[in-house]
Structures are given as C-alpha cells and as structure tokens.
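This report considers how copies of a chain are arranged about an axis, and how one helix is placed within a chain. Please examine the sequence and structure shown here before reading on.

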Amino acid sequence: MRQASGSITIETSGKGLVEWTDRAASWVAEQGMAEGLLTIFCRHTSASLLIQENAAPEVRDDLAAYFERIAPEDRNAYDHDDEGPDDMPAHIRTALTDTHLSIPLFGGQLMLGTWQGIYLFEHRRRPHRRTVALHLIGE
Amino acid sequence: MRQASGSITIETSGKGLVEWTDRAASWVAEQGMAEGLLTIFCRHTSASLLIQENAAPEVRDDLAAYFERIAPEDRNAYDHDDEGPDDMPAHIRTALTDTHLSIPLFGGQLMLGTWQGIYLFEHRRRPHRRTVALHLIGE
Amino acid sequence: MRQASGSITIETSGKGLVEWTDRAASWVAEQGMAEGLLTIFCRHTSASLLIQENAAPEVRDDLAAYFERIAPEDRNAYDHDDEGPDDMPAHIRTALTDTHLSIPLFGGQLMLGTWQGIYLFEHRRRPHRRTVALHLIGE
C-alpha cells in the first residue's frame with residue numbers, strides 16, 4: 001500500500017462549470033495504481049467541486065442559472081461584500097455544493113459512471129486560478 | 001493494511017429515499033476489518049446519497065417534499081429536458097446532496113450516530129437500478 | 001502505512017457556525033504523520049460540517065441567515081416536528097451541507113487553503129454537545 005499527493009491548477013474564465021475529468025484521470029494513471037481511493041480537495045471558498053452529467057452542455061448552463069436564482073447577487077441580502085456582490089453568493093454556492101470529492105479506483109479506472117464528469121464550479125465573476133489538492137492511496 | 005472494493009445495486013420505485021444501511025454494514029462486516037474508512041460512491045447524476053435520520057418516516061417525506069419545492073419540475077425553468085421534466089431537477093438535487101460519502105470504521109462498527117442511516121435518494125419518477133461503488137481501506 | 005482514529009466533542013450554544021480548525025489540526029499533529037488523508041464525520045442529523053472562509057465573521061452570519069431563509073422554521077411546511085419547529089429545518093440544512101469532510105495531509109499540514117476553516121454548523125436552537133469522529137490514514 002502506498003500513497004501519492006499532488007495538485008492541479010485550473011484556470012477559470014469567470015462563473016461557470018469547468019470540466020477537468022481528463023486531467024484528474026491522467027494524474028491518477030501516472031501514479032500506476034490499480035485499486036485505491038482518490039480524494040480531490042478545492043483550496044478555495046468561492047469555487048467548489050461537483051460530479052455532474054458530462055453529455056448535454058445545457059445541464060451546465062441550467063445548473064449555473066439555478067444557483068444564480070437560489071443564491072442571487074443581492075447587496076441587500078448580505079452584510080459581507082468585501083470583494084463585491086459576487087462575494088457572499090460564492091461562499092453560499094460553495095456551501096451548497098462540494099469542497100472535496102472521493103472517488104474509488106478499481107481495475108486502474110476511476111469508478112465514475114458513464115455520464116459522470118468532474119467539474120470545478122467557479123463562483124466569481126472574474127477569471128481565477130484555482131488549486132485543487134489530490135491524494136491517492138492504494139496499490 | 002489492505003483494501004476491498006465492491007458494488008451494491010439498489011432498486012428504486014421512483015422518487016424518494018431508500019435506506020440501505022444494513023446492506024452497507026453487511027458488506028463491511030464481510031471484509032473482516034476492525035478499523036478503516038468506508039467510501040461509497042453513487043455512479044449516477046440523477047440519484048444521490050444522504051445520511052439522514054432513520055427514526056421518523058416523516059423526515060423522509062418532508063425531505064422529498066422540500067426538494068420538490070426548492071428544485072421543482074418546471075419546463076420553463078430549464079433548457080435541458082431530454083429525458084423529461086424530472087431530468088434537470090434530478091441533476092440539481094444531486095448537486096445539492098451527495099454523490100459520495102466516507103464513514104470511518106472503528107471497533108468493527110461504522111461510526112454512524114444513533115439516528116443516522118445511509119440513504120439512496122432517487123430523483124427520477126420511474127423505478128431505476130442504481131449502482132453504488134464501495135471501497136474500504138484499513139485492517 | 002498506518003491509521004489513527006479518535007473523536008472530538010464540540011459544545012455549541014445554539015444555531016450557528018463554530019470553528020474548530022485548530023482542534024482538528026492539533027489532533028492530526030499528535031498522530032505524527034507527514035502525508036495522508038483526514039476524514040471527519042459528524043455523528044448527528046441536526047448539525048453538519050462545512051469548510052468556509054475564516055477571515056470575515058460576517059460570512060458566518062450571512063451563511064446562517066441564508067439557511068434560515070432557504071429552509072425556514074415553518075410548522076405548516078413539514079409533517080415532522082417531534083422536537084419542535086427547528087427539528088425538520090435542521091435535517092434539511094444538514095442534507096444541504098456536509099456530514100463528512102476529507103482533507104489531504106501533506107508535509108505535515110492539512111491542505112486547507114489560506115482562508116479555509118473547518119466549521120461545525122449547529123442547526124438546533126438549544127446548545128448541544130456534538131461528537132465528530134476522526135480518521136487519519138497515512139504515514
């Protein structure tokens with residue numbers, strides 16, 4: 001049994017979902033393990049992680065629109081807006097989705113379903129560089 | 001230290017929460033470990049996982065009703081409805097709950113609290129067969 | 001490779017977020033590992049876990065206020081109120097946030113971002129003693 005640690009930087013172009021399944025799978029493949037557990041951890045409080053459908057692109061737009069409705073930019077709704085009107089909604093959307101994900105590895109493959117992709121969900125208006133820590137344990 | 005991998009198929013009868021705590025605990029018991037970490041991963045984007053109270057059945061109904069209200073079936077609200085009006089709400093409800101859960105094992109027991117059960121949350125109207133991948137590491 | 005298990009009790013004073021990053025980090029430091037995976041698991045269905053910004057205190061108040069709005073105390077909205085009007089909203093808020101978190105450890109440090117803290121989110125009105133199970137695997 002052994003473990004591997006690393007990190008991946010994801011460039012975002014403002015609000016929305018960025019798929020990075022291939023980069024996660026490549027990093028896992030480089031570690032040369034057949035069975036184990038991958039954990040990915042987003043080191044930010046205004047971007048988050050999500051497993052979502054990777055077939056229809058409308059799903060991503062509908063999801064983004066949904067979170068705009070459920071946690072809207074609204075200066076009257078929040079005390080905290082140090083970094084602008086998208087600051088507090090970003091923290092809320094992060095709380096409602098995931099900061100970390102763990103995915104089993106078996107037969108050298110991540111156990112994602114046929115339609116599942118790994119996404120970083122950017123919640124700020126401006127482009128950001130986001131760092132995700134990766135940890136793999138297995139053999 | 002060693003690890004075990006497996007999967008469980010859960011039959012659903014349409015929308016709602018299905019408890020499968022006993023099946024998870026049985027699988028763990030079969031692996032014969034005393035201490036470790038169980039990770040369960042739902043391989044679908046229109047069903048999800050949840051730890052919830054397993055005492056009062058009204059909790060499950062109230063939870064299901066809540067998600068109907070917060071992410072309603074509404075053809076006008078979403079672009080994506082390839083598989084019907086329950087398609088996009090299913091993805092949203094999955095995003096708001098969990099695709100994976102990790103539960104420590106100690107003294108041969110999952111560290112669930114007294115009132116905690118493991119649920120699969122089906123978000124589609126029709127019955128489905130759902131696959132959950134399991135991974136246990138420990139000794 | 002080895003593992004360590006433990007638990008931490010967190011006293012809450014009613015609804016709101018309680019930061020306990022330092023206690024988690026201290027427990028991890030005591031285990032003397034450099035690289036691994038920490039998993040924390042909240043053994044309750046009316047309190048949850050959250051990674052959130054630990055700089056501006058307004059963030060915590062805004063988050064708490066948001067969940068009051070999105071999952072309000074409203075006797076007419078739920079069938080289940082065995083333990084009072086804060087009972088069912090507590091389960092819903094738990095479902096929307098996290099029951100467990102996994103955080104990679106590298107170089108002897110939890111891979112939290114600069115502004116990330118670990119919080120217990122109490123959803124009941126009255127003070128409670130909450131138990132969080134901890135599991136660390138690595139070396």
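In this predicted model, Leu96(A) is the residue of chain A that comes closest to the rotation axis, with its C-alpha at 3.3 Å. The axis in question is the one that relates chain A to chain C: a turn of 120°, with a shift of 0.0 Å along the axis, lays chain A on chain C with an RMSD of 0.0 Å. The two copies are thus related as by a three-fold rotation axis. In general, a rotation about an axis and a shift along it relate two copies of a chain.

Chain A can also be superposed on chain B. The values for both superpositions are set out below.

| Superposition | Rotation | Shift along the axis | RMSD |
|---|---|---|---|
| Chain A on chain C | 120° | 0.0 Å | 0.0 Å |
| Chain A on chain B | 120° | 0.0 Å | 0.0 Å |

Attention now turns to helix α1 of chain A, which comprises residues 21–30. Which residues of this helix are buried? They are Thr21(A), Ala24(A), Trp27(A) and Val28(A). Viewed down the axis of α1(A), these buried residues lie within an arc of 135°, and therefore they line one face of the helix. The other side of α1(A) carries the exposed residues Asp22(A), Ala29(A) and Glu30(A). Just after α1(A) comes Gly32(A), which adopts a positive phi of about 65°.

Terms used: Residues numbered from 1 in each chain as written. Chains lettered and ligands numbered in written order. Predicted model: local features only at pLDDT ≥ 70, side-chain atom pairs only at ≥ 80, totals over all residues. Heavy atoms only, no water. Least-squares fit on C-alpha atoms with pLDDT ≥ 70 in both. Buried < 20%, exposed > 50% of the residue type's maximum accessible area, 1.4 Å probe, protein only. Helix = DSSP H or I, 4+ residues; strand = E, 2+ residues; numbered from the N terminus. Arc of directions from axis to C-beta.
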